[in-house]
Structures are given as C-alpha cells and as structure tokens.
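Dear colleague,

I am passing on a structure that I have been looking through, and I would be glad if you read the notes below with the coordinates open beside you.

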Amino acid sequence: MDWEKVFATRSSRMKASEIRELLKLLDQPDIISFAGGIPDPALFPTQEFQQAFANTLTGDKQTTALQYSVSEGYVPLRQWIAKQMEGLGIPCSIENILITSGSQQALDYLGKLLLSPNDTALVTWPTYMGALGAFNAYEPNYDRLIANGNRSAKEYQETAAEKNSEVKFAYMSVDFANPTGETLDRAGREKLLDLAEELDIPVIEDAAYQSLRYDGEAIPPILALDIQRKGHIDETRTLYCGSFSKTLAPGLRVGWVCAAQSVISKLVLMKQAADLHSSTINQIAIHEVASKGFDKQVAKIFTAYSTRRDCMLAALEEHMPEGVSWTKPEGGMFIWLTLPKHLDGAELLAKSIENQRVAFVPGHAFYADGSNRNTMRLSFSQANEETIHEGIRRLGLLLKSA
Ligand code: PMP
C-alpha cells in the first residue's frame with residue numbers, strides 16, 4: 001500500500017520533529033539534560049493521588065468514576081476552576097469552562113475551530129513548538145506576532161493578503177513562556193488586545209505556566225483585561241487555555257478552556273465528536289487533590305523550581321563567555337539563550353553531546369520559519385543544584401571553544 005498516496009493533504013504538515021527524535025536518544029544516565037521541559041516527578045503529589053484514586057473507587061463513587069460522563073467535564077471540577085478563575089479577575093460560570101485532555105487538546109480544538117487551509121495564524125517568534133504542531137494539521141500560514149504593538153494591524157492584513165489569506169487568531173504563551181521564560185507585561189497585554197480588536201480576531205491565551213510565578217508582581221490574564229473592557233466574559237474575544245500539568249500531574253491529561261459561552265458550546269460539540277469526554281476518574285482525582293491542597297502543592301513547586309532557577313542564573317553568570325545573553329524568568333521552567341550570530345544551536349547540541357554530555361533544545365525548532373539558529377532553550381525544572389552548576393560549566397566550555 002502506498003500510504004502517502006492516500007493520506008489527506010493535512011498530514012503532509014505532520015512531521016516528527018527532528019529535535020524530539022534526537023532528544024529521545026539522550027535518555028542516558030551520564031548526560032546532564034536541560035532539554036526536557038517537563039515537571040520533576042519527585043514533586044508530584046503522589047500520596048494525595050493514591051488516596052484520591054482509592055476514594056473514587058470505593059462505595060457509590062466507583063460507578064461514576066468508571067462510567068462515561070458529559071463532554072463539558074466533571075461539574076465539581078469546573079466549579080473549582082471557575083472559582084480559581086474568579087480569583088484571577090475572571091468572573092465566570094461553569095458554562096464558560098470546558099475540560100480538555102491537557103491544554104494541548106485545547107490548542108488542537110481551537111485550530112480545528114478557527115483555521116481553514118491557508119488562513120493565517122499569528123504566533124510569536126519563537127513560540128511553543130506543540131502549538132505549531134497542533135495548528136499545522138489545519139494547514140495555516142504563520143506570521144510573526146509582535147505582541148507589544150510595534151506592528152500595525154494593516155501590516156498583518158497586507159502580509160496575509162499577499163497569500164490570499166486572512167488573519168484568524170493570535171496565539172501566545174504569555175506567562176514564563178515556553179520557550180523563552182518571558183512574560184508579557186500588562187501594557188503588552190493591552191496592546192495585544194488592541195491589535196486583536198483592530199483585526200477583529202480572537203486571542204488564544206496559553207496560560208499553561210500561569211500558576212508558576214516565583215517573584216515579581218502578578219499580571220492579570222489577558223482574559224481578565226478583556227472582561228474589564230467588555231463587562232462580561234461572554235462578550236470577550238480571549239480564549240484562555242489552562243492546565244494542571246505543571247502544578248499537579250501531566251500524566252492525567254487534564255486541562256481546560258475558559259471563554260465565552262458561544263465558543264465553549266461549539267468546543268463541546270467538537271469534544272463529543274473527538275473523544276466524548278476526558279477521563280472521568282482522572283477529573284475526579286484532580287478535583288479531589290486540587291480542592292484539598294492546590295496552594296500547598298504549588299508552594300512546594302515554587303521552593304524547588306525557584307532555587308533551581310536562581311542556581312542556573314548564577315551559573316550562567318559565572319560560566320558564559322561574552323556575547324551570550326539570556327532571559328531572567330520570574331517563573332516557569334525555562335531560560336532562553338541567544339548566542340553570537342554565527343553559532344548554530346543544533347550543531348552545538350551534537351558537539352555538546354559528544355564532548356560535554358550536556359543536552360538542551362536548539363532554538364530554531366521554536367520558530368515557525370526555522371530561523372534564529374543561534375538560540376537554545378534550557379530547562380531548570382528537573383536538575384538538582386549540583387547538576388545545574390556542572391552542566392552550565394560544561395556548556396560554558398563548549399561555547400568558549402565555539
Ligand atoms: N502550552 C505550553 C506553553 C506548554 O509548554 C505545554 C506543555 N509542554 C502545553 C501547552 C501542553 O500542556 P498540557 O497538554 O500537558 O496541558
């Protein structure tokens with residue numbers, strides 16, 4: 001069977017990322033890895049989940065926990081999320097919340113809902129690689145989103161028109177972004193909303209890291225600012241994607257979308273058609289663990305990750321040669337390095353693995369056009385302080401020799 005012949009055109013954009021393939025090979029004990037952008041499993045609330053799963057599987061609850069359930073999601077969990085959202089300046093009801101299988105599924109659904117082939121999606125340069133992966137299936141063009149106002153609506157429209165295309169949404173990882181660690185400040189968020197209003201497009205606010213602020217002042221989510229402008233969530237254009245992956249556990253695959261009811265009801269139909277609903281038992285367990293001790297869990301993560309971030313920043317200061325600069329994130333898991341123009345992150349990774357046994361993600365993978373090869377992403381979530389010092393020392397040696 002010649003499978004390529006029968007695959008739909010949209011599948012041609014679904015390619016295994018060369019980086020992900022490469023990083024799979026790096027799971028060797030002597031490699032210091034700053035590559036994987038994943039939580040430290042030692043911080044998972046394992047005992048709390050043991051108890052929660054045991055509780056859901058005893059008595060009356062077990063029939064609910066193991067049964068099909070509604071596409072919108074488990075009501076007590078949606079209620080808990082609605083309350084959290086309210087705390088962030090987003091008054092809403094459970095009708096504004098859909099539970100998804102991780103926020104990754106929300107990105108896929110929003111791509112499906114908003115993109116026809118050849119439409120233009122605005123994304124930052126660089127952006128979350130997984131968002132590009134999700135949107136690619138819907139065959140869009142990408143244009144570079146400059147969130148804080150330095151590109152006019154007209155420019156975006158003209159660039160799209162050159163391709164007979166229309167701008168359909170702006171997507172951004174806004175807090176301690178993957179991959180840069182940077183946060184869009186309040187003025188930037190307002191400018192992004194201004195732009196979206198001028199273009200009359202939705203904003204997809206990827207808030208996967210929203211809870212992981214270690215210092216600095218909290219900034220209202222774009223959706224909160226949008227509500228301040230419009231008076232009610234049902235009048236807004238912001239599609240907020242939240243996740244329990246970075247706070248409680250990514251393996252349970254529980255995330256959510258919070259948005260105007262008219263969008264949520266369309267997404268519910270999409271979810272019905274795609275997978276009926278997210279795992280019932282996982283939603284119940286997440287609800288139990290979150291409602292009993294979300295803040296305590298987040299505090300535990302703060303202590304560990306902020307120490308590791310400080311340690312990595314100090315090590316960079318000590319070991320990086322001149323010409324290398326990096327971001328100073330106020331939260332999240334990532335630091336982004338910019339190297340002198342002539343250096344190539346992918347080539348450096350190959351050398352680093354061979355000579356220094358240190359892994360990172362070359363930055364070009366996060367650009368829709370594969371540009372800016374002189375960049376790299378480092379993650380500090382999984383390594384201990386000693387390993388961070390040693391890994392950055394070796395990376396410094398590599399960059400000095402390059
Ligand atoms: N958005 C961003 C910015 C991410 O970094 C990730 C996970 N790496 C996701 C969304 C998806 O996370 P999940 O599906 O586990 O919620």
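Please keep in mind throughout that this is a predicted model. I begin with a helix contact, in which Pro-76, Leu-77 and Trp-80 of H5 meet Gln-283, Ile-286, His-287, Ala-290 and Ser-291 of H12. Sorted by class, the residues that form this contact of H5 with H12 comprise 5 nonpolar and 3 polar ones, with no charged residues.

As for the geometry of the pair, helix H5, which spans residues 75-87, packs against helix H12, residues 280-319, at an angle of about 40 degrees, and their axes are 9 Å apart. Because of that angle, H5 is oblique to H12, and the crossing of H5 and H12 is left-handed.

The second point concerns the ligand, which has 14 residues around it, and of these Gly-102, Ser-103, Gln-104, Ser-243 and Ser-245 come nearest. Helix H6, which covers residues 102-114, gives the most to this shell, contributing 3 residues. By class, the shell around the ligand holds 10 polar residues, 3 nonpolar residues and 1 charged residue.

Finally, the UniProt record, an unreviewed entry, carries the annotation "domain: Aminotransferase class I/classII large" for residues 54-395. In the model, that span of residues 54-395 is 45% helix and 14% strand, and the C-alpha atoms at its two ends lie 45 Å apart.

With best regards

Notes:
Residues are numbered from 1 along each chain as its sequence is written. This is a predicted model: local features need pLDDT of at least 70, side-chain atom pairs count only at pLDDT 80 or more; totals for chains, interfaces and linings use all residues. Axes are lines fitted to C-alpha atoms, for helices over the stretch in contact, and angles run from 0 to 180 degrees between N-to-C directions. Helices (H or I, at least four residues) and strands (E, at least two) are DSSP runs, numbered from the N terminus. Angles under 35 degrees count as roughly parallel, over 145 as roughly antiparallel, 65 to 115 as roughly perpendicular and the rest as oblique. A crossing is left-handed if the near helix is turned anticlockwise from the far one by less than a right angle, and right-handed if clockwise. Two residues are in contact if their C-beta atoms, placed from the backbone, lie within 7 Å. Ala, Val, Leu, Ile, Met, Phe, Trp, Tyr, Cys and Pro count as nonpolar, Asp, Glu, Lys and Arg as charged, and the others, Gly among them, as polar. A residue is near a molecule or strand if its C-beta atom, placed from the backbone, lies within 6 Å of it. UniProt positions are given in the numbering used here, feature names are shortened, and annotations may be inferred rather than shown by experiment.
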